[in-house]
Amino acid sequence: MSDSPRPQVEEPRTIGYEPGTDRPRGLTRRGWTMVTSFVVVAVLALVGGFIKVPYVSLGPGPTYNTLGSVEGQVVVEVDGAKTYKTSGQLRMTTVSINDEVTLFDALGKWVSGRYALAPREEYFGPGQTQEDLERENTKMFQDSQSSAETAALRYLDKPVKVIAQEITRKAPVDNIIQPGDRLWEVNGRPIAVQEDVREALTGTKPGQTVKVTFQHGNEAKKTVDIKLGKASDYGSDDRAEGFLGLAPADRADVDFEVTIHLEDVGGPSAGLIFALAIVDSLTPGEMEDGRTIAGTGAIDVKGNVQPIGGIPFKLIAAKEDGATTFLVPSENCAEAKSNAPDGMDLVKIDTLAGAVKALDDIDAGRTPPHC
């Protein structure tokens with residue numbers, strides 16, 4: 001028996017196989033964990049980056065100086081009347097609404113604190129697309145321009161006329177009176193302001209015939225007999241009096257033209273600022289006196305200022321564009337105070353006349369009404 005050590009014989013192994021198994025070894029447990037993690041991350045990236053969530057994001061939109069120009073085009077243009085220059089700024093404010101929100105977008109915007117998320121159905125009707133909403137907002141924006149012009153010129157004591165703003169399809173006046181036609185008389189009553197049309201129909205009945213005098217463009221006045229319909233037959237309210245099927249609107253009756261040039265903006269909330277810009281352009285002096293004033297608010301043809309949405313985002317945008325004073329519809333004051341940036345002076349506004357006086361007060365060193 002030899003004392004020399006027995007040589008060690010290495011067990012034969014097949015590369016890629018674990019001992020005691022007959023399958024390839026492949027990746028280690030750590031390797032499989034890494035692969036699985038990578039796959040999970042990739043799937044989450046695909047879901048988070050491409051799958052939309054049923055929310056819209058709301059944030060600060062651009063602001064525009066209504067006394068200045070955008071891309072070389074004067075925003076408020078007056079043709080045929082003397083205008084006055086100003087060194088200040090009147091900035092209308094907007095809110096950006098994004099319907100293309102993915103999971104990652106939503107998380108990022110929520111964390112930023114600059115944006116808010118809202119259920120899509122709060123802004124879009126069933127089946128309504130972003131394009132549909134933009135068309136609707138464009139229509140409201142155009143109407144707000146007309147109301148702002150009328151309110152401003154009315155404030156300046158310019159005369160007013162009444163037009164047929166909209167015509168109900170297949171209603172009694174359809175294909176007889178067109179949108180934009182001037183209304184002179186309804187059922188024997190002269191029409192001086194839009195409320196006169198409804199009052200002229202007081203006491204009438206469906207089926208009754210009334211005379212309507214109107215004017216299309218520069219053509220001669222025309223008087224026609226209209227057989228009144230029943231309002232509920234045309235999707236309107238259940239009013240008892242007869243139904244013509246037109247929506248009257250006051251418009252300034254002047255020999256000069258006011259045109260507002262601003263593209264890709266929607267909604268009614270610029271009305272107050274547009275009206276102020278028109279007043280400022282047509283009167284000597286300057287209400288801003290070199291300051292940057294921002295604001296918001298819908299306006300009707302009589303100059304009443306109405307509340308709007310999105311004021312926290314408009315305040316942010318106004319601050320970033322240099323405004324130190326913000327004109328706030330009175331019904332938005334509580335929300336504005338809760339979201340006002342440092343150094344922003346919040347001035348409470350109820351009417352166009354009140355807004356003009358508030359700016360005059362600031363210019364004269366007096367204290368305007370605050371939120």
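Start by selecting Leu103, Phe104 and Leu107, which form a nonpolar patch on the surface with about 270 Å² of accessible area together. A patch of this kind is made of residues with over 30% relative accessible area and no salt bridge, with nonpolar side chains (Val, Leu, Ile, Met, Phe, Trp, Tyr) joined within 5 Å and like charges within 9 Å, and accessible areas come from the Shrake-Rupley method with a 1.4 Å probe, only the protein chains shown counting as cover for residues. Within this patch, Phe104 lies in helix α2, residues 103-112, and Phe104 is partly exposed, with a relative accessible area of 44%. On the scale used here, buried means under 20% relative accessible area, exposed means over 50%, and partly exposed lies in between (1.4 Å probe, protein chains only).

Before going further, note that this is a predicted model, in which local features need pLDDT of at least 70 and side-chain atom pairs count only at pLDDT 80 or more, while totals for chains, interfaces and linings use all residues. Residues are numbered from 1 along each chain as its sequence is written, and side-chain values use heavy atoms, with hydrogens and water left out.

**The whole chain**

Now show the whole protein, which has eight helices and 20 strands; these are DSSP runs numbered from the N terminus, with helices (H or I) of at least four residues and strands (E) of at least two. Of the 371 residues in the protein, 39% are buried, and the accessible surface comes to about 20,900 Å², of which 50% belongs to carbon and sulfur atoms. If contact is taken as heavy atoms within 4.5 Å, residues 24 or more positions apart account for 70% of the contacts with a separation of 6 or more.

Colouring by pLDDT, the predictor's confidence in each residue from 0 to 100, is a useful next step. The protein averages a pLDDT of 85, and 84% of the residues score at least 70. Select residues 1-24, over which pLDDT stays under 50 and for which the model has 10 contacts beyond four places in sequence, and then residues 39-46, where pLDDT also stays under 50 and there are five such contacts. Where pLDDT is low, the predicted coordinates should not be read in detail.

**The nonpolar cores**

Move inside and select Phe274, Leu276, Leu327 and Leu352, the residues with the most contacts inside the largest nonpolar core, which has 40 residues. A nonpolar core is a set of buried Ala, Val, Leu, Ile, Met, Phe, Trp, Tyr and Cys residues joined through side-chain atoms within 4.5 Å. Among the elements that each supply at least two residues of this core are α3 (130-155), β15 (257-260), α5 (271-282) and α8 (352-364), and the largest share, nine residues, comes from α5.

Centre the view on Phe274: leaving aside its neighbours within four places in sequence, Phe274 is in contact with Thr66, Val75, Val76, Met92, Phe141, Gln145, Ala148, Ile260 and Leu262. Apart from this core lies another, of 18 residues, among them Ile177, Val212, Val224 and Leu246.

**The salt bridges**

The structure holds 13 salt bridges, each a side-chain nitrogen of Lys or Arg within 4 Å of a carboxyl oxygen of Asp or Glu. Select Arg154 and Asp250, which form one with the closest N and O atoms 3.0 Å apart. Arg154 lies in helix α3 and Asp250 in strand β14 (residues 246-252), so the pair ties together parts that are 96 residues apart in sequence. Arg154 is partly exposed at 22% relative accessibility, whereas Asp250 is buried at 0%.

Next select Arg182 and Asp253, whose closest N and O atoms are 3.4 Å apart in another salt bridge. Because Arg182 lies in strand β10 (residues 182-186) and Asp253 in the loop between β14 and β15, the pair ties together parts that are 71 residues apart in sequence. Here Arg182 counts as buried at 19% relative accessibility, and Asp253 as partly exposed at 27%.

As a last selection, show Arg154, Glu195, Asp250 and Lys302 together, since salt bridges that share partners join these residues into one network.
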